[in-house]
Amino acid sequence: MNISDRIAEEYRSRFGDSSIVVSAPGRINLIGEHTDYNNGFVLPAAIHQSVYICAGFSEGDECTLVALDLDKTYQFRLGEFASVGGWQDYILGVLHEFMQKFTIDRGFSMVISGDIPQGAGLSSSAALECAGLMALSNLYQVQLAPLTMARMALNAERSFVGLDCGIMDQYASVFGKKDHVLLIDCMNETHREVPLQLREYCLLLCNSNVAHELADSAYNERRKQCRNGVDIVRREFPHVTSLREVSLEMLERTKGNMDPVVYRRCAYVIRENNRVLRVVDYLQAGDLPDVGQQMYEAHDDMKVNYEVTCDETDFLVELAHSSGKVLGARQMGGGFGGCTINIIKNEDVNAFSDLVISEYVKKFGKTPTFITAETTDGTREL
Ligand code: GAF
């Protein structure tokens with residue numbers, strides 16, 4: 001039985017007839033890491049792995065959330081809820097956003113499930129937020145423009161969950177388009193759909209199955225370092241408001257006043273923005289080897305200058321490179337673990353996966369897992 005049928009059946013057995021089922025996808029990111037909160041460019045795509053919610057009205061103002069995969073239930077009353085520090089916060093956060101805009105006085109029940117591996121850098125949390133918002137807007141019959149939905153989901157993540165992230169994940173989950181990557185301009189919050197023609201190649205995700213504890217604090221620290229860099233550049237170039245408006249030449253001119261670590265962080269972000277735009281050109285020219293080359297460079301820069309990779313993902317990328325079978329590979333997402341994304345020929349997937357399993361187990365004593373990423377459309381009612 002597929003997930004949407006399973007949650008609908010579970011809903012019926014617990015609460016009676018349901019009214020809606022929605023889904024919101026996770027995302028991959030071909031290139032453009034840590035550029036979104038610097039007003040830069042990113043190149044994600046929505047993937048088949050998704051969060052699904054079946055929802056309907058309840059009696060009075062009582063609300064029930066059922067997380068099927070966690071075997072957990074949470075109950076609360078409308079107007080009497082706050083962040084609780086767990087999985088519930090993603091739904092409570094979007095409900096809070098929703099209630100800032102719309103008056104609702106009838107409670108609801110939701111049964112939630114999905115197949116996005118957690119901690120893999122595939123944005124399971126953004127997908128949960130977007131699915132929650134889609135369910136609320138359909139249930140209470142209010143129209144939410146896609147960009148409004150992405151922004152509300154982002155606000156929920158920032159205020160309720162407490163991660164000061166950029167808009168990439170929520171935007172990709174809402175706007176995703178099958179067979180395309182999205183070139184998102186995070187400064188103007190606009191995007192262009194770029195066809196993803198992989199021919200005899202595919203996107204293989206190697207999940208390191210590590211998620212390091214320090215990820216959130218290191219993420220917020222990188223944000224601060226980037227802001228600090230912008231403040232210093234502004235002394236000489238007052239029009240600058242973000243790293244998006246800074247060139248490598250401008251950065252060089254202000255280097256003398258900058259902490260060397262801050263300089264390296266900023267230089268990485270500027271180069272990464274340039275790589276995203278180059279990759280779009282290469283994709284349009286059908287030049288996958290050059291796309292791959294940019295991915296290897298991006299990983300290396302992220303490792304050496306942004307310092308958000310880890311031994312496991314470095315190992316996976318080095319193995320991809322030395323195998324001679326992978327056009328490009330890099331760590332995806334916030335950092336310190338999760339998946340690497342690899343461009344590889346369909347016919348080489350099995351041999352490469354076997355090689356990775358045996359070498360990775362030897363080195364780290366744990367088994368990596370694999371997903372062949374299929375792109376899909378964004379958040380929707382089923
Ligand atoms: C995480 C964040 F949520 C995104 O906004 C983005 O910054 C990403 O890390 C790094 O590119 O997924």
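**Note on a predicted two-domain model**

1. Ala-145 is exposed, because only the 9 other C-beta atoms counted within 10 Å surround it, and an exposed residue is one with 12 or fewer such neighbours. The model in which this residue sits is a predicted one. Ala-145 belongs to the loop that joins helix 3 and helix 4. Its C-alpha atom is 48 Å in space from that of Lys-363, the two residues being 218 apart in sequence.

2. As to the overall division, the protein chain is split into domain 1, residues 3-196, and domain 2, residues 201-373. The C-alpha centres of these two domains are 26 Å apart, and the contact between them involves 27 residues of domain 1 and 35 residues of domain 2. On the side of domain 1 that touches domain 2, strand 1 and strand 2 (41-42) each supply at least two residues. The residues of that side of domain 1 comprise 16 nonpolar, nine polar and two charged.

3. Ala-373 is the last residue of domain 2 as the bounds are drawn, 201-373, and it lies in the loop between strand 12 (369-372) and strand 13 (380-381). Ala-373 is buried, because 23 other C-beta atoms lie within 10 Å of its own, where 20 or more are required. Once neighbours within four places in sequence are set aside, the contacts of Ala-373 are with Ile-28, Ile-47, Leu-203 and Leu-205. By contrast with these contacts, His-212, which is 161 residues from Ala-373 in sequence, is 23 Å from it in space, C-alpha to C-alpha.

4. Helix 1 (residues 3-15) passes a simple check of its geometry: with 13 residues at 1.5 Å a residue it should span 18 Å, and its end C-alpha atoms are indeed 18 Å apart. The buried residues of this helix are Ile-7, Ala-8, Tyr-11 and Phe-15. Viewed down the axis of helix 1, these buried residues fall within an arc of 100 degrees, so they line one face of the helix. The general background is that an α-helix has 3.6 residues a turn, so residues three or four places apart point the same way. The buried residues of helix 1 pack against strand 1 (20-29), strand 3 (44-57) and strand 6 (108-114). After helix 1 comes Gly-16, with a positive phi near 95 degrees.

5. Helix 2 (residues 88-101) can be checked likewise, since its 14 residues reach 20 Å from the first C-alpha to the last, close to the 20 Å expected at 1.5 Å a residue. Its buried residues are Gln-88, Asp-89, Tyr-90, Ile-91, Leu-92, Gly-93, Val-94, Leu-95 and Glu-97, a list in which Asp-89 and Glu-97 are charged residues. The elements that cover the buried residues of helix 2 include strand 4 (62-67), strand 5 (72-77), strand 6, helix 3 (124-139) and helix 4 (146-161).

6. Two residues deserve attention for their backbone angles. Most residues other than glycine have a negative phi. Asp-71, although not a glycine, has a positive phi of about 55 degrees, and its place is in the loop between strand 4 and strand 5. Asp-71 is exposed, because 7 other C-beta atoms lie within 10 Å. Glu-189, likewise not a glycine, has a positive phi of about 50 degrees and lies in the loop between strand 7 (180-185) and strand 8 (190-195). Glu-189 counts as partly exposed, because it has 13 C-beta neighbours inside 10 Å.

7. The record-based annotations, which come from an unreviewed UniProt entry, can be set beside the model. UniProt assigns "domain: Galactokinase N-terminal" to residues 9-55, a span that is 15% helix and 51% strand, with end C-alpha atoms 12 Å apart. The feature "domain: GHMP kinase N-terminal" is placed by UniProt at residues 90-177, where the chain is 59% helix and 8% strand and the end C-alpha atoms are 24 Å apart. For "domain: GHMP kinase C-terminal" the UniProt record lists residues 281-348, a span of 53% helix and 22% strand whose end C-alpha atoms lie 26 Å apart.

Definitions and conventions:
Residues are numbered from 1 along each chain as its sequence is written. This is a predicted model: local features need pLDDT of at least 70, side-chain atom pairs count only at pLDDT 80 or more; totals for chains, interfaces and linings use all residues. Helices (H or I, at least four residues) and strands (E, at least two) are DSSP runs, numbered from the N terminus. The expected span of a helix is 1.5 Å times one less than its number of residues. The arc is that of the directions from the helix axis to the C-beta atoms. Two residues are in contact if their C-beta atoms, placed from the backbone, lie within 7 Å. Domain bounds come from an automatic or database domain assignment. UniProt positions are given in the numbering used here, feature names are shortened, and annotations may be inferred rather than shown by experiment.
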